[in-house]
Amino acid sequence: VARVAASLPDVGFYLGRWGDRPVPFPNAFPLPDMLLLGEMAVVYADCFCGIRTVARDGFPNGPVEMAIMGRPTAHVADVGAPWIEVAPDADAIAAFVRRARAATGPDLALAAAARVHVADRSFLALDTVAATAVGYAP
């Protein structure tokens with residue numbers, strides 16, 4: 001995701017369950033390790049799309065919640081949900097984010113037109129080989 005974020009410097013990336021870890025790129029917005037369900041709805045409302053980059057995470061709730069709010073999601077694995085786009089690598093994720101942003105409707109707030117939600121530190125799996133099994137950095 002660092003490569004995706006670098007190619008989209010005017011897009012902010014909320015980093016789910018990031019906590020107080022160092023921010024990995026300039027357009028990152030870290031979220032606390034734990035948020036209440038109502039707080040997640042506020043985060044999702046402030047985003048135009050979501051991405052998940054860990055291949056083995058079961059069936060994630062975030063993409064379902066984003067879909068209910070009308071926000072598209074890309075996932076590196078095919079989890080069998082027709083509303084989730086498969087984007088297997090950084091180039092496909094960047095293309096997805098660009099398409100999602102271009103499709104942002106006029107009813108979405110300007111702040112939301114500039115934010116992506118990255119779930120559960122999962123993007124580390126793209127950047128850290130050791131993290132691919134569980135989605136977290138060692």
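This passage describes the fold, the packing and the confidence of a predicted model of one protein chain.

The protein chain comprises five helices and six strands. Read from the N terminus, these elements follow the order α-β-β-α-β-α-β-β-α-β-α, with a helix at the start and a helix at the end of the series.

Of the 138 residues in the protein chain, 45% are buried. The area that the chain exposes amounts to about 6900 Å², and 62% of this area is supplied by carbon and sulfur atoms. Contacts also link parts of the chain that are separated in sequence: where the contacting residues lie at least 6 apart, 52% of the contacts join residues at least 24 apart.

Phe48 offers a single-residue view of this arrangement. Phe48 lies in the loop that runs between helix H2 (37-45) and strand S3 (49-52). The relative accessibility of Phe48 is 2%, and this residue therefore counts as buried, the cut-off being under 20%. Along the chain, Phe48 and Val116 are 68 residues apart, yet in the model their C-alpha atoms are separated by 6.1 Å.

Confidence varies along the model. The average pLDDT of the protein chain is 76, and 75% of the residues reach a score of at least 70. Over residues 122-138, however, the pLDDT is below 50. This stretch nevertheless has 38 contacts in the model beyond near neighbours in sequence. Predicted coordinates should not be read in detail where pLDDT is low.

Technical notes:
Residues numbered from 1 in each chain as written. Predicted model: local features only at pLDDT ≥ 70, side-chain atom pairs only at ≥ 80, totals over all residues. Heavy atoms only, no water. Helix = DSSP H or I, 4+ residues; strand = E, 2+ residues; numbered from the N terminus. Buried < 20%, exposed > 50% of the residue type's maximum accessible area, 1.4 Å probe, protein only. Contact = heavy atoms within 4.5 Å. Areas by Shrake-Rupley, 256 points an atom, 1.4 Å probe, with all protein chains shown as cover. pLDDT = per-residue confidence, 0-100.
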